[in-house]
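I set out to record what I looked up in this structure, entry by entry. My interest lay in strand pairing, backbone angles and the distribution of nonpolar residues.

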Amino acid sequence: MKKRLRIALIGVIAVLLGGIVVLVARSLQRQWRQEAAQGGLDLLPQVAQRIQDFHRIKTEDGRTVWEVAAREAQYHEDEHEFVVLEPLVRLYLKDGRPVGLSGHEGHVKLEGRELREVEVTGGIELRFADYTVRTDRARYQHGSDTISAPAPVEIKGGALELRGEQMEFEVKAQRLRLFRNVTMILRPVPSEETK
C-alpha cells in the first residue's frame with residue numbers, strides 16, 4: 001500500500017514539474033519574441049509610421065491637382081519623406097488630363113499640402129498624351145514643375161520612337177527634351193487600305 005502511495009506521489013510530483021517546465025518555456029519564448037520584435041524596431045529607428053495602401057491627394061476648387069498611391073509606405077521622420085513601394089504618381093493638367101509616373105520604389109516629399117518632390121526608381125513608366133516613356137530613374141520637382149531622368153530613356157507613341165541618355169519634361173507646358181546620343185525612328189502609319 002505504501003509502495004503504491006509513493007509511486008502515485010512521485011507521479012504527481014513529475015506531472016507538476018513537467019507543468020512548471022512547460023510554463024517556464026512558454027514564458028521564455030514569449031519574452032524572446034518580444035525582445036526580437038523590439039530588436040527589429042530598433043534596427044529601423046527612423047521609421048515613424050508604416051502605411052498599407054498609401055494614398056494622398058490634393059484637390060483645389062473641386063479639381064484634382066495631384067495624387068500619389070503606393071502598395072506600402074514608410075514615413076521617415078528625420079528626412080520628412082515617405083519611402084513607397086510600387087508608387088503611382090498622377091499630376092493633373094488644368095484640362096484634367098493626367099501625367100502618370102510609376103515605378104518599383106520611390107521617395108515622396110510633401111510640404112504641407114504640396115507635393116514637393118518625388119523620386120522613382122526601377123521599371124519606370126511615364127505616360128502623357130499618347131506617349132510612354134520608359135527609364136530606370138526619374139524625379140519630379142514641384143519648384144520647376146519638371147520630371148527629369150538622368151538615365152537612358154525610350155519614348156514610344158504612334159509612329160514615333162525616340163531614345164536618349166537624359167530627359168527633361170516640363171509638365172504644364174507638355175514639352176519634352178532629350179539629351180545626348182538622341183536617335184529617332186519614324187515608322188509609317190498603316191493606311192486604312194493596308195490594315
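Entry 1, a hairpin turn. I began at the hairpin formed by E8 and E9, where four residues lie between the strands and Asp145 adopts a positive phi near 55 degrees. I note at the outset that the model is predicted. The two strands, E8 and E9 (residues 146-149), are antiparallel and share three bridges. I then looked up which residue of E9 is the bridge partner of Gln141. That partner is Thr146.

Entry 2, the other partners of E8. I next followed E8 to strand E10 (residues 153-157), to which three bridges join it in the antiparallel sense. Within this pair, I found Arg134 opposite Glu154 of E10. I also traced E8 (residues 131-141) to E7, and this antiparallel pairing runs over ten bridges. Here Gln141 of E8 appears again, this time opposite Glu117. The hairpin of E7 and E8 has two residues between the strands, and I recorded a positive phi near 45 degrees for Ala129 in it.

Entry 3, from E7 back to E3. How many bridges pair E6 with strand E7? I found seven between E6 and E7 (residues 114-128), in the antiparallel sense. Their hairpin has two residues between the strands, and Gly112 takes a positive phi near 65 degrees there. Strand E6 (residues 105-111) also runs antiparallel to strand E3 (residues 81-85), with four bridges joining them. I used Gly106 of E6 as a marker, since Val84 stands opposite this glycine and Val120 is its bridge partner in E7.

Entry 4, positive phi at residues other than glycine. I looked up two further positions. Asp53 is not a glycine, yet has a positive phi of about 50 degrees. This residue belongs to strand E1 (residues 47-60). Is Asp53 buried or exposed? I entered Asp53 as exposed because its relative accessible area is 64%, and the cut-off for that class is over 50%. Arg180, likewise not a glycine, has a positive phi of about 60 degrees. Arg180 sits in the loop that connects strand E13 (175-179) with strand E14 (183-186). Its relative accessibility is 53%, so I entered Arg180 as exposed.

Entry 5, the nonpolar core. Which residues have the most contacts inside the largest nonpolar core? They are Leu115, Leu126, Ile147 and Met167, in a core of 34 residues. I then listed the contacts of Ile147, setting aside neighbours within four places in sequence. Among them are Leu91, Val99, Leu126, Ala138 and Tyr140, and also Met167, Phe169 and Val171. The list for Ile147 includes the charged residues Arg139 and Glu168 as well.

Entry 6, nonpolar residues at the surface. In soluble globular proteins, nonpolar side chains tend to be buried together. I therefore looked for nonpolar side chains placed otherwise, with that tendency in mind. Leu9, Ile13, Leu17 and Ile20 form a nonpolar surface patch, and together their accessible area is about 390 Å². One of these, Leu9, lies in helix H1 (residues 2-43). I classed Leu9 as exposed because its relative accessibility is 52%.

Technical notes
Residues are numbered from 1 along each chain as its sequence is written. This is a predicted model: local features need pLDDT of at least 70, side-chain atom pairs count only at pLDDT 80 or more; totals for chains, interfaces and linings use all residues. Side-chain values use heavy atoms; hydrogens and water are left out. A nonpolar core is a set of buried Ala, Val, Leu, Ile, Met, Phe, Trp, Tyr and Cys residues joined through side-chain atoms within 4.5 Å. Buried means under 20% relative accessible area, exposed over 50%, partly exposed in between (1.4 Å probe, protein chains only). Contact means heavy atoms within 4.5 Å. Two strands pair if DSSP finds at least two bridges between them. Patches are made of residues with over 30% relative accessible area and no salt bridge: like charges are joined within 9 Å, nonpolar side chains (Val, Leu, Ile, Met, Phe, Trp, Tyr) within 5 Å. Accessible areas come from the Shrake-Rupley method with a 1.4 Å probe; for residues, only the protein chains shown count as cover. A salt bridge is a side-chain nitrogen of Lys or Arg within 4 Å of a carboxyl oxygen of Asp or Glu.
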